[in-house]
Amino acid sequence: MNPYPVALKIAAKVPSAFRYWAAYGASRIAVAARYPGARQLQTNLAQAGEEDVVGALASYYRYFADLGNFASPSRLRIDAAVDAKIPAQLYRDLAAGPVCVALGHTANWDLVGAWAAQNLAGLTTVAEEVAPKALFDTFTELRARNNMKIIPAKKGNPVFRELLRQGKEGAGIIALLADRDITGAGIEVDLFGAKALVAAGPAALAKKLGAPLYMAAARDISLNGARAKAAGTKNGVEMIVRGPLDTAGTVEQITAVWVQEFETMMRPWVKSWHMCQPVFVRDLDPERLERSRKKHAQMEQHS
């Protein structure tokens, strides 16, 4: 028996005030105990000039605490929790074919994806397969119930080829969390004043498909009154989408463009950047970085 769906149902019944108190308490403990994820988040935020790692980590934990609210599809609940600013051109592009979107691990990205899938078009994305498998399966099922198709990133699975197939078959939105590379073929960019390794996927896919490329970022906002009651949480999300971006250059040039947009948008919202893994080059394993550079160079030769 998979215990995680049961846990989500129980969490949804816990009073929100207690969930948020627990999230803040857990973040204080994690930072004080110098847990690896908390330490890495602190390092990443410091590069962007943010010192309140406890507040940022509490925001991340509230994302998990609220998952139970969205375990069952509810457009009313999702719409109440999300403020979305969408360029009119995005609707026109979606009517014409698939659209690629680069986004980061910001605010409640699952909630943002559910909103887009219910209000814009069906959404395809990639998720790194994590252990235990039952937890990964629970997240996949939760997203599927909200009209999101998940392609697992795991050894032996040709993710990029599958994304191309989805795009050629008319997938609506192909949204890729790309502020961290998990493929081993990342692109080095300037981010918050330091070299970082991000995913090539959004730019490469947009080039191959000839599809428009957009960038999305989100921040946490507070909900009150009737809106908080409708959402089942006081933790809402504001999402802003920008684009279409210029895709006339190389994959590296296009990637640098969306990363610059991401940095500009997230600098005042950096506490909503939930990046608990190494992303800056100085923090990466040198051998892994060298393999990434070689793999990317080989891909460029054969592109």
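Let's start with disulfides. This is a predicted model, and the structure holds 0 disulfides. What about the cysteines themselves? Take two of them. Cysteine 100 has a relative accessible area of 2%, so it is buried. Cysteine 276 comes out at 12%, so it is buried too. The cut-off for buried is under 20%.

Next, the nonpolar cores. The largest one has 63 residues. Which residues have the most contacts inside it? Trp258 and Trp273. Helix H12, residues 251-266, gives the most to this core, with 7 residues. Apart from this core lies another, of 34 residues. Leu111, Ala121, Leu123 and Met148 are among its members.

Stay with tryptophan 273 for a moment. Leave out residues up to four places away in sequence, and look at what it touches. The list includes Leu41, Leu45, Leu191, Phe192, Phe262, Met266, Val279 and Phe280. Asn44, His105, Thr106 and Asp179 are also on the list.

Two of those contacts, Leu191 and Phe192, take us to the next element. Leu191 is in strand E6, residues 187-191. In a regular strand the side chains alternate between the two faces of the sheet. Now look at E6. Ile187, Val189 and Leu191 point to one face and are buried. Glu188 and Asp190 point to the other face and are not buried.

What does E6 pair with? Strand E7, residues 194-198. The pairing is antiparallel, over 5 bridges. One pair to find on screen: valine 189 has alanine 196 in E7 as its bridge partner. The two strands form a hairpin, with 2 residues between them. Phenylalanine 192 is in that turn, and its phi is positive, about 50 degrees.

On to strand E9, residues 235-242. How many of its 8 residues are buried? 7, so to speak mostly covered. E9 has a partner in strand E1, residues 82-85. Those two run parallel, joined by 4 bridges. There, lysine 85 has isoleucine 240 of E9 as its bridge partner. E9 also pairs with strand E8, residues 213-222. That pair is antiparallel, with 8 bridges. Here methionine 215 is matched with arginine 242 of E9.

E9 comes up again with the cavities. Rolling a probe the size of a water molecule over the atoms shows where empty space is left. The search of the whole structure finds 3 cavities of 30 Å³ or more. The largest has a volume of about 80 Å³. What lines the largest cavity? Ser59, Arg62, Tyr63, Asp66, Asn108, Leu111, Asp220, Asn235, Gly236 and Val237. Helix H4, residues 53-65, and E9 are the elements that give two or more residues to this lining. Leu111 in that lining is also a member of the 34-residue core.

Last stop, helix H9, residues 159-168. Its buried residues are Val159, Glu162, Leu163, Leu164, Gln166 and Gly167. An α-helix has 3.6 residues a turn, so residues three or four places apart point the same way. What do the buried residues of H9 pack against? Strands E3 (123-128), E4 (148-153) and E5 (173-177), and helix H10 (201-209).

Pick out glutamine 166, in this helix. Why does it count as buried? Because its relative accessibility is 11%, and buried means under 20%. Leaving aside neighbours within four places in sequence, glutamine 166 is in contact with Thr124, Lys149, Ile151 and Ala171. After H9 comes glycine 170, with a positive phi near 95 degrees.

Terms used:
Residues numbered from 1 in each chain as written. Predicted model: local features only at pLDDT ≥ 70, side-chain atom pairs only at ≥ 80, totals over all residues. Heavy atoms only, no water. Core = buried A, V, L, I, M, F, W, Y, C linked by side-chain atoms within 4.5 Å. Buried < 20%, exposed > 50% of the residue type's maximum accessible area, 1.4 Å probe, protein only. Contact = heavy atoms within 4.5 Å. Pairing = 2+ DSSP bridges. Disulfide = S-S within 2.5 Å. 1 Å grid on protein atoms, 1.4 Å probe; cavity = no way out; pocket = protein on both sides within 12 Å on 5 of 7 lines; lining within 4 Å. Points joined across faces, edges and corners; volume = space filled by probe spheres on them.
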